[in-house]
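Work through the exercises below with the sequence and the coordinates at hand, and try each task before reading its solution.

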Amino acid sequence: MPETTPMPETTPMPETPPERLRVWKTYKLFIGGAFPRSESGRVYPVTDTSGAHLANAPRASRKDARDAAAAARKAFGRWSGATAYHRGQILYRIAEMLQGRHQQFTDEVAHGEGVSAQRAAAQVEAAIDRWIWYAGWADKVHQVFGNPNPVAGPYFNLSTPEPTGTIAILAPQHSSLLGLVSTLAPAITTGNTAVVIASTPHPLPALTLGEVLATSDLPPGVVNILTGHHDELAPTLAAHQDINALDLTGAPTPAHATHLETLAADTLKRIHHPHPHEDFTTTPTTTRLTTHLETKTIWHTTGP
């Protein structure tokens with residue numbers, strides 16, 4: 001039989017891989033070092049400036065606010081009792097972790113605030129630098145703002161700064177990352193703990209910051225982040241006995257701020273009134289470091 005030439009094998013045409021479904025990010029609150037959903041189970045839609053849907057943010061309830069205040073109070077002793085050097089190291093670690101998520105924060109700021117990617121990246125870099133700036137101040141506060149006082153008599157007199165306690169911070173509404181960091185970082189630098197109500201229209205960078213804080217050696221409860229409606233959350237914190245001071249930077253209106261200040265009066269809270277034209281893009285000063293500090297004065301005899 002004559003030999004036949006084998007037919008060449010045909011290469012099968014590659015199949016088009018199916019389009020991969022997007023894995024949508026589930027944003028959660030940050031309370032006591034954990035990531036709970038809202039106690040009420042509610043969410044609210046977050047959109048970009050054109051109205052396109054970005055994500056669902058948890059809508060915290062009054063009970064979430066109370067839980068956050070309790071977590072911050074529980075963490076105060078450990079955080080305020082830590083050495084200033086240790087606090088500075090942790091703040092520097094936060095900057096490191098934020099740097100690792102640079103692109104994610106850039107995207108969230110750009111899409112949420114409707115700014116260019118370049119401008120959003122600049123805000124993220126400024127936020128990273130802000131953490132480092134305050135980290136450097138952690139072990140210098142006592143030397144700069146504490147001092148011996150000249151007195152007449154056989155004794156000496158020393159004044160030293162101490163943290164106020166647990167701070168409720170209304171984060172800026174339209175500076176979702178840099179403004180948030182600029183109000184939060186100085187509060188915890190000096191040993192305070194904080195409950196933050198994030199920007200209502202732009203909450204995503206704040207919720208992602210919670211993930212950064214959870215992986216930066218920050219003790220649970222030092223920072224707690226809530227998202228939702230100010231009308232529901234802020235009055236609860238303003239009247240809560242575990243809150244020692246109230247930062248009104250992100251109050252939606254002057255009338256809202258006045259109402260919160262009235263509620264806070266029953267528990268003698270310290271109230272921080274923001275500058276009406278505060279620019280978070282400028283180089284920070286020590287003003288916010290001293291905002292949530294108290295001065296303790298010690299008298300001691302020097303002789304018989």
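Two strands pair if DSSP finds at least two bridges between them, and helices (H or I, at least four residues) and strands (E, at least two) are DSSP runs numbered from the N terminus. The model is a predicted one, in which local features need pLDDT of at least 70 and side-chain atom pairs count only at pLDDT 80 or more, whereas totals for chains, interfaces and linings use all residues. Residues are numbered from 1 along each chain as its sequence is written, and side-chain values use heavy atoms, with hydrogens and water left out.

**Exercise 1. The sheet**

Task: Establish the strand order of the open sheet of five strands, and work out which residue stands opposite Thr166 in S6.

Solution. Step one is the order, which reads S7-S6-S5-S8-S9, with parallel pairing. Step two is the edges: strand S7 (223-226) and strand S9 (270-272) each pair on one side only. Step three is the geometry, since neighbouring strands of this sheet are turned by 15 degrees against each other on average, direction ignored; axes here are lines fitted to C-alpha atoms, for helices over the stretch in contact, and angles run from 0 to 180 degrees between N-to-C directions. Step four takes the individual pairings: five bridges join S5 to S6, which run parallel, and within this pair Thr193 of S6 is the residue opposite Thr166. S8 and S9 also pair in the parallel sense, over three bridges, and Ala245 stands opposite Arg270 in S9.

**Exercise 2. The two faces of a strand**

Task: Determine which residues of S6 are buried on each of its faces, and which strands H8 lies across.

Solution. Begin with the general expectation that in a regular strand the side chains alternate between the two faces of the sheet. In S6, Thr193, Val195 and Ile197 lie on one side and Ala194 and Val196 on the other, and all are buried, where buried means under 20% relative accessible area, exposed over 50%, and partly exposed in between (1.4 Å probe, protein chains only). Five of the five residues of S6 are thus accounted for as buried. Turning to the helix, H8 lies across strand S5 (166-170), strand S6 (193-197), S7 and S8, and runs at about 155 degrees to S6.

**Exercise 3. Helix H4 and the core**

Task: Check the span of helix H4 against expectation, then identify what its buried residues pack against.

Solution. The expected span of a helix is 1.5 Å times one less than its number of residues. For the 21 residues of H4 (residues 117-137) this gives 30 Å, and the end C-alpha atoms are 31 Å apart, which agrees. Among the buried residues of H4 are Ala120, Val124, Ile128, Trp131 and Tyr134. The buried residues of H4 pack against helices H2, H3, H5, H6, H7 and H10, contact meaning heavy atoms within 4.5 Å.

The next step concerns the largest nonpolar core, a nonpolar core being a set of buried Ala, Val, Leu, Ile, Met, Phe, Trp, Tyr and Cys residues joined through side-chain atoms within 4.5 Å. Of its 55 residues, Trp131, Leu184, Ile188, Leu209, Leu213, Val223 and Ile225 touch the most other members. H4 gives the most to this core, with eight residues. Apart from this core lies another, of 24 residues, among them Leu233, Leu237, Leu246 and Ala251. Not counting residues up to four places away in sequence, Leu184 touches Trp131, Ile169, Ala194, Val196, Leu209 and Val223.

**Exercise 4. Salt bridges**

Task: Explain why the salt bridge of Glu232 with Arg62 ties together distant parts of the sequence, and compare the burial of the two partners.

Solution. A salt bridge is a side-chain nitrogen of Lys or Arg within 4 Å of a carboxyl oxygen of Asp or Glu, and the structure holds 13 of them. In the bridge between Glu232 and Arg62 the closest N and O atoms are 4.0 Å apart. Glu232 lies in helix H8 (residues 230-239) and Arg62 in helix H1 (residues 62-81), so the pair ties together parts that are 170 residues apart in sequence. Glu232 is buried, at 9% relative accessible area, whereas Arg62 is partly exposed, at 45%.
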